[in-house]
Every structure is written in C-alpha cells, then in structure tokens.
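This report looks at aromatic rings and the charges that sit over them. The sequence and structure come next.

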Amino acid sequence: MIPRHLLTLADLSPAQINRVLSHALTLKNQSQPWLQHVASAKSTKKLRLPSQSLFLKTVALLFSKRSTRTRVAAETSASMLGGQALFLGVDDIQLGVNESMRDSARVIGGMCQGIFARVGDHSDIEELAAHSPVPVLNALSSLWHPTQVLADLLTLHELAAGARPDWRAPTPAAPSPPTPGLRTRNPFAGLAPLRPLTIAYVGDPANVLHDMLVAYPRLGHTMRVASPPAYRAPAAVWDRLAELGIADAIHWTADPAEAVQGADIVVTDTWISMGQEAEKAERLRAFEGYQITEALCANAAPNWAFMHCLPRKPNEVDDEVFYGPRSIVFPVSDNRKWTIMALFDLLFGRWDLYGENSNWVAPQSADKAN
C-alpha cells in the first residue's frame with residue numbers, strides 16, 4: 001500500500017479536519033479517566049481503553065529543531081496508543097551529515113511505522129515524504145505547522161461547548177461535499193459546532209499562520225492579518241490558497257488595530273523564529289507597535305480571547321493578556337497531545353487519515369447526519 005502523508009492542513013478537506021478533531025476529543029475523553037484513576041481511586045475495569053493501534057509499533061520522532069510541546073505530546077501519545085516513540089535528534093543519527101534525506105527516509109521507514117518530522121526548510125519534509133515507505137507527518141517546517149492549528153481548533157470547539165456558549169453555532173456547521181464512494185457518520189460527532197468567528201493574527205507571518213490561512217476560511221471563519229509590508233506570506237502559501245479558492249478571503253493590513261477590529265480571537269507568534277537570531281534587532285524594530293495588549297485590542301469583540309503557540313516572549317504579548325482571563329494559551333498547549341494522538345492513530349496506526357479504509361465521509365447536509 002502506498003503511504004499517505006500530512007504536510008499541511010491544506011492536504012485535508014474541511015470534513016477531514018473535523019473528523020480529526022472529533023477523533024481527538026473521543027481519544028481525550030477515553031484516555032483521561034485512565035490517567036486520573038489512581039488519584040480518584042476508581043477501578044479501571046469499567047473503563048474503555050483508547051485505541052491501541054500502535055501496539056508493537058514505533059514512531060520515529062525525527063527532530064532537527066528542539067521542541068517542548070511537540071515532543072512531549074508525541075511521546076505520551078504513542079504510549080497511550082500502545083506504541084513507542086523513538087526520538088532522533090540532530091546529534092543522534094547521520095541525517096544531513098553522512099547520509100542523505102532520501103536514504104534516511106528509507107532506512108527509518110524500514111524499521112518504524114511512521115515518521116513525525118520537525119525540520120528546517122520545508123523541502124526536507126517533502127523529500128522525506130517522497131521516499132518514505134511509511135506515512136510522514138509534519139511536526140513543523142519552515143512553511144507549515146498543522147498540529148498546532150488542530151490544537152487551536154479543538155480548544156475553540158471545547159470552549160463553545162462550555163465556557164464560551166456565544167461561540168457555538170445554533171445548528172451544525174455546513175458540511176463539505178461528500179467524498180465519492182464513501183458512506184458516513186456525522187463528522188461533528190462530539191464537537192460543539194462553532195459559529196463563524198473573526199480571527200486576527202498580529203505579528204510575523206510564519207508556519208502557524210500559514211496553516212491558519214488554509215484552514216480557517218474553509219471552515220467558515222474570517223481571517224485578518226496584520227504585519228509590516230515587508231513581512232508577508234511566501235509565494236508557496238499563496239499558491240495553496242489560490243488552489244483552494246480562498247486567496248481573496250484573507251484581509252491583510254499593516255495596522256494591528258484594524259486587524260483586531262471586532263475580532264473574537266487574537267493570535268500572535270514569535271517574531272524571531274529559530275534560525276532568525278541574526279535578524280533580531282531588525283525584526284524588533286519592524287514589529288514595534290505590534291505587541292498584543294488590552295489597549296491595542298480595545299475595539300475587538302468584548303469577550304475576545306487570546307492564543308499563542310508558545311514559547312512566548314513579552315515583546316509579543318504583555319503579561320496582562322498572556323496570564324489574564326482572556327488567554328487560552330495553556331488549554332491549547334494541553335490539546336497538542338490529543339490532536340497529535342488522533343493523527344498518530346489515524347495516520348500511523350490505521351493508515352486511514354483520509355478515509356480510504358473506512359465508511360466515513362461528511363454528510364451531505366446537517367439534518368441528514370446520523
């Protein structure tokens with residue numbers, strides 16, 4: 001069987017994105033009682049195990065960039081699914097030193113059942129995927145960061161179900177067209193449907209934003225971006241937006257106050273990514289005035305919320321917002337585990353992320369959903 005890979009959320013339809021989110025929520029609800037049962041003194045006899053699709057299987061964590069959330073989420077997810085995560089850092093293997101990316105992909109894929117790769121240039125993960133005999137999942141590249149945006153989305157759905165009922169749609173969100181040849185259950189099963197939200201991204205356009213751009217508009221949300229004129233998404237991202245037919249849906253401005261006008265969610269990211277340290281002084285000058293504060297967001301929606309993928313620096317967002325009641329940063333961080341676990345289960349364990357081996361597909365209309 002030819003492996004399928006996931007390099008960006010542009011590879012998934014809106015229905016497939018919602019399938020991953022629904023599966024992540026299911027795995028979270030199944031797993032948490034097991035993780036908490038010792039403290040609560042409850043018997044495990046009546047608890048249902050989460051999927052054990054990685055039993056006796058190994059996922060290679062091929063990381064050329066350091067990580068906290070992604071590595072911890074990956075290692076704990078593999079364990080919960082009954083498998084093992086094998087961390088392979090830049091100092092551990094021959095990759096890029098005495099062995100080509102092509103040869104490394106074949107060697108690692110010959111012994112492991114999946115590759116979770118956190119790389120520098122996006123061409124590296126494209127080469128891995130081109131030559132790997134097993135599925136490759138993008139843990140981060142210069143262009144894309146799909147697992148982060150999935151965690152953001154899962155958190156928004158959870159808040160709509162509980163703490164933020166004003167975000168919940170009164171009826172299920174409109175489904176995407178069905179995939180030919182497959183029959184279905186409801187892709188929103190367990191997820192509180194979101195009403196259309198306005199999301200403002202303020203700061204340096206980078207991999208997290210790029211996956212937001214290819215995901216949020218297709219899910220019915222409005223994207224606004226504020227960045228200096230010299231800092232815009234690269235051509236490769238605009239090409240994907242054009243392919244998806246949503247390039248004209250992105251509102252871009254150099255004025256942060258304009259971007260956050262009426263925003264339900266305000267997002268920023270690091271202004272200085274790994275490998276850009278030499279540009280620090282120049283970037284700090286360019287992004288002066290872009291720090292997220294209550295004052296900057298005075299014209300946002302009254303109950304706006306704040307997201308950041310971490311790690312955070314104070315020049316990007318002040319303490320009042322980052323540690324205040326608007327921040328949903330740490331619930332998003334927690335959900336990195338469950339969305340990565342869902343991807344590991346579907347992509348590495350079942351080889352079924354895209355629905356080839358299941359009866360699943362989005363319903364043609366919400367009122368026909370099972």
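In which helix do Phe344 and Phe348 lie, and how many residues apart are they? Both belong to helix 11, residues 329-349. They are four residues apart, about one turn of the helix.

The model is predicted. Across the whole structure, a search finds 10 aromatic pairs. One of them joins Phe322 and Tyr323, with ring planes at 90 degrees, so this pair is edge-to-face. The angle decides it, because planes over 60 degrees apart count as edge-to-face. Phe344 and Phe348 also pair, and theirs is a tilted arrangement.

| Aromatic pair | Centre to centre | Angle between planes | Arrangement |
|---|---|---|---|
| Phe322 and Tyr323 | 4.8 Å | 90 degrees | edge-to-face |
| Phe344 and Phe348 | 5.1 Å | 45 degrees | tilted |

Now the burial of these rings. Phe322 is buried, at 4% relative accessible area. Its partner Tyr323 is exposed, at 57% relative accessibility. The cut-offs explain the labels: buried means under 20%, exposed over 50%. In the helix 11 pair, Phe344 and Phe348 are both buried.

The helix 11 pair is also part of a cluster. Phe344 and Phe348 form one aromatic cluster with Phe63, Phe87 and Phe116.

Which residue has its charged end over the ring of Phe87? That residue is Arg71, whose charged end sits 3.6 Å from the ring centre. Phe87 thus has two roles to note here: cluster member and ring under a charge.

Phe322 has an arginine over its face too: Arg312 lies 4.5 Å from the ring centre. Phe322 is also the buried ring in the edge-to-face pair with Tyr323.

Notes
Residues are numbered from 1 along each chain as its sequence is written. This is a predicted model: local features need pLDDT of at least 70, side-chain atom pairs count only at pLDDT 80 or more; totals for chains, interfaces and linings use all residues. Side-chain values use heavy atoms; hydrogens and water are left out. Rings of Phe, Tyr and Trp (its six-membered ring) pair if their centres lie within 6.5 Å; planes under 30 degrees apart count as stacked, over 60 as edge-to-face and the rest as tilted. Buried means under 20% relative accessible area, exposed over 50%, partly exposed in between (1.4 Å probe, protein chains only). Helices (H or I, at least four residues) and strands (E, at least two) are DSSP runs, numbered from the N terminus. A charge sits over a ring if NZ of Lys or CZ of Arg is within 6 Å of the ring centre and within 35 degrees of the ring normal.
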